[in-house]
Amino acid sequence: MESRSAILLSFLLLALLLSTTSAQLRNDFYKNTCPNVESLVRSAVTKKFQQTFVTAPATLRLFFHDCFVRGCDASVLIASPSEKDHPDDLSLAGDGFDTVIKAKAAVDSDSRCANKVSCADILALASRDVVVLAGGPSYTVELGRRDGRISTAAGVQRHLPHPNFNLDQLNAMFSSNGLTQTDMIALSGAHTIGFSHCGRFSNRIYKFSPKSRIDPTLNSAYALQLRQMCPINVDPRIAINMDPTTPNTFDNAYYKNLQQGKGLFSSDEILFTDTRSKSTVNLFASNNGAFQQAFVTAITKLGRVGVKTGNQGEIRRDCTRIN
């Protein structure tokens with residue numbers, strides 16, 4: 001009887017902890033300490049975006065990689081040796097890191113804000129801002145995250161989705177972070193502005209299986225186009241747009257591409273070829289508003305994953321170093 005009470009109590013405490021963590025994030029967290037934090041970040045991000053469009057996909061991907069490993073605590077920003085050294089993070093574009101560092105400098109240049117805003121919150125705000133700059137939806141960002149003090153390459157292992165994942169593997173990974181299949185499909189839509197390197201999908205166009213060198217779910221004309229852009233022994237730094245139609249616009253073209261067999265990764269195309277997720281892809285392909293609404297819901301939930309609040313973590317003075 002005693003042990004059952006103890007188990008029940010631990011469940012109640014866990015539920016309380018989870019609800020408290022979420023409740024501690026709020027839209028007006030910096031109202032009294034740094035009231036103009038959003039405009040300071042937006043201004044720095046806009047300036048960076050005007051220098052290079054890569055700012056948009058790089059910052060958004062950085063946010064995703066951060067949140068899925070140890071939660072949204074800016075641990076991915078810490079200088080080597082850290083999460084950045086894991087093979088899954090080596091392809092993170094430098095422009096994403098630079099965006100956060102420049103936004104942090106802009107925030108700290110205001111005397112009211114200096115050392116009061118976390119790098120984790122700045123990354124969350126910058127991610128929203130690049131979505132808007134690329135033509136996507138605006139949304140309110142919940143704030144109040146603290147920065148984590150731990151960042152290891154080993155911590156990344158098995159926490160990020162791979163380009164060859166099937167639907168069950170994708171759902172399991174997203175579910176472990178409190179995200180539904182619809183959330184996963186909506187967040188995958190960020191590939192509408194992303195890019196990848198040839199090595200990440202070369203098996204789909206050269207050595208898919210003993211029976212078929214090209215993945216049969218790939219549009220054949222698109223596969224030949226990819227072969228031209230990614231010849232054998234190509235420079236691994238060559239970047240290919242994830243969305244071959246409107247790569248610089250945050251829209252629902254990603255889902256229309258999936259309907260035509262033009263998903264760059266097999267983990268993209270599986271969303272259309274698996275009957276369990278196909279209807280959601282069709283909805284988002286036919287209704288940009290439905291996609292945008294689902295994306296806002298999903299990225300807001302993503303921003304709550306494993307957050308540190310209150311007395312946990314710290315406010316890093318330099319986003320690349322623990323205080």
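User: What makes the lining of the largest cavity divide into 20 nonpolar, nine polar and four charged residues?

Analyst: The division in this predicted model goes by residue type: Ala, Val, Leu, Ile, Met, Phe, Trp, Tyr, Cys and Pro count as nonpolar, Asp, Glu, Lys and Arg as charged, and the others as polar. On that basis the lining holds 20 nonpolar, nine polar and four charged residues. The lining has 33 residues, and R61, F64, H65, H191 and F265 lie nearest the centre of the cavity.

User: What makes this space a cavity, and which elements line it?

Analyst: A cavity is a set of points where a 1.4 Å probe fits but cannot get out. The structure holds three of 30 Å³ or more, and about 680 Å³ lies in the largest. Two or more lining residues come from each of α3, α6, α7, β1, α11 and α13. The largest share, six residues, is given by α3.

User: What lines the second largest cavity?

Analyst: Its lining is made of F63, A124, Y139, T140, V141, E142, R145, I299, T300 and G303. They divide into five nonpolar, three polar and two charged residues, around a space of about 70 Å³.

User: Why is the pair of F64 and F174 called tilted?

Analyst: Two numbers settle that one. The ring centres of F64 and F174 are 5.8 Å apart, and the limit for a pair is 6.5 Å. The angle between their planes is 40 degrees; stacked needs under 30 and edge-to-face over 60, so the label is tilted. By this rule the count comes to 12 aromatic pairs.

User: What does the pair of F64 and F174 tie together?

Analyst: F64 lies in helix α3 and F174 in helix α6, so the pair links parts that are 110 residues apart in sequence. Ring pairs also link F250, Y254, Y255, F284, F291 and F295 into a cluster.

User: How do you know whether F64 and F174 are buried or exposed?

Analyst: The cut-off for buried is under 20% relative accessible area. F64 has 16%, so F64 counts as buried. F174 has 3% and therefore counts as buried too.

User: Why does K48 count as buried?

Analyst: The relative accessibility of K48 is 6%, so K48 falls under the 20% cut-off. K48 is found in helix α2. Leaving aside neighbours within four places in sequence, K48 is in contact with T55, D95, D98 and T99.

User: What makes the link between K48 and D98 a polar contact?

Analyst: The two side chains come to 2.8 Å, and a polar contact requires a pair of N or O atoms within 3.5 Å, one able to donate a hydrogen and the other to accept it.

User: Which polar contacts does the side chain of S151 make?

Analyst: There are two to look at here. The side chain of S151 reaches the backbone oxygen of S75 at 2.8 Å and the backbone nitrogen of E83 at 3.0 Å. Both values satisfy the limit of 3.5 Å. S151 lies in the loop between α5 and α6, and at 10% relative accessibility S151 counts as buried. Not counting residues up to four places away in sequence, S151 touches S75, I78, P81, S82 and E83.

User: How do you know which kind of peptide bond joins S80 and P81?

Analyst: Omega is about 0 degrees, and the bond is cis. For background, most peptide bonds are trans. P81 lies in the loop between α3 and α4.

User: What makes the phi values of A74 and N233 worth a look?

Analyst: Most residues other than glycine have a negative phi. A74 has a positive phi near 60 degrees, and N233 has a positive phi of about 65 degrees. A74 lies in the loop between α3 and α4, while N233 is in the loop between α9 and β2.

User: Are A74 and N233 buried or exposed?

Analyst: A74 has 0% relative accessibility, so A74 counts as buried. N233 has a relative accessible area of 78%, and exposed begins over 50%, so N233 is exposed.

User: Which pocket does N233 line?

Analyst: N233 helps line the second largest pocket, where C198, G199, S202, N233 and V234 are the closest to the centre among 14 lining residues. The pocket has a volume of about 190 Å³, and the largest share of its lining, three residues, comes from α8.

How values were computed
Residues are numbered from 1 along each chain as its sequence is written. This is a predicted model: local features need pLDDT of at least 70, side-chain atom pairs count only at pLDDT 80 or more; totals for chains, interfaces and linings use all residues. Side-chain values use heavy atoms; hydrogens and water are left out. Helices (H or I, at least four residues) and strands (E, at least two) are DSSP runs, numbered from the N terminus. Buried means under 20% relative accessible area, exposed over 50%, partly exposed in between (1.4 Å probe, protein chains only). Contact means heavy atoms within 4.5 Å. On a 1 Å grid over the protein atoms alone, a cavity is a set of points where a 1.4 Å probe fits but cannot get out, and a pocket is an open set with protein on both sides within 12 Å along at least five of seven lines; lining residues have an atom within 4 Å of a point. Grid points are joined across faces, edges and corners, and a volume is the space filled by probe spheres set on the points. Rings of Phe, Tyr and Trp (its six-membered ring) pair if their centres lie within 6.5 Å; planes under 30 degrees apart count as stacked, over 60 as edge-to-face and the rest as tilted.
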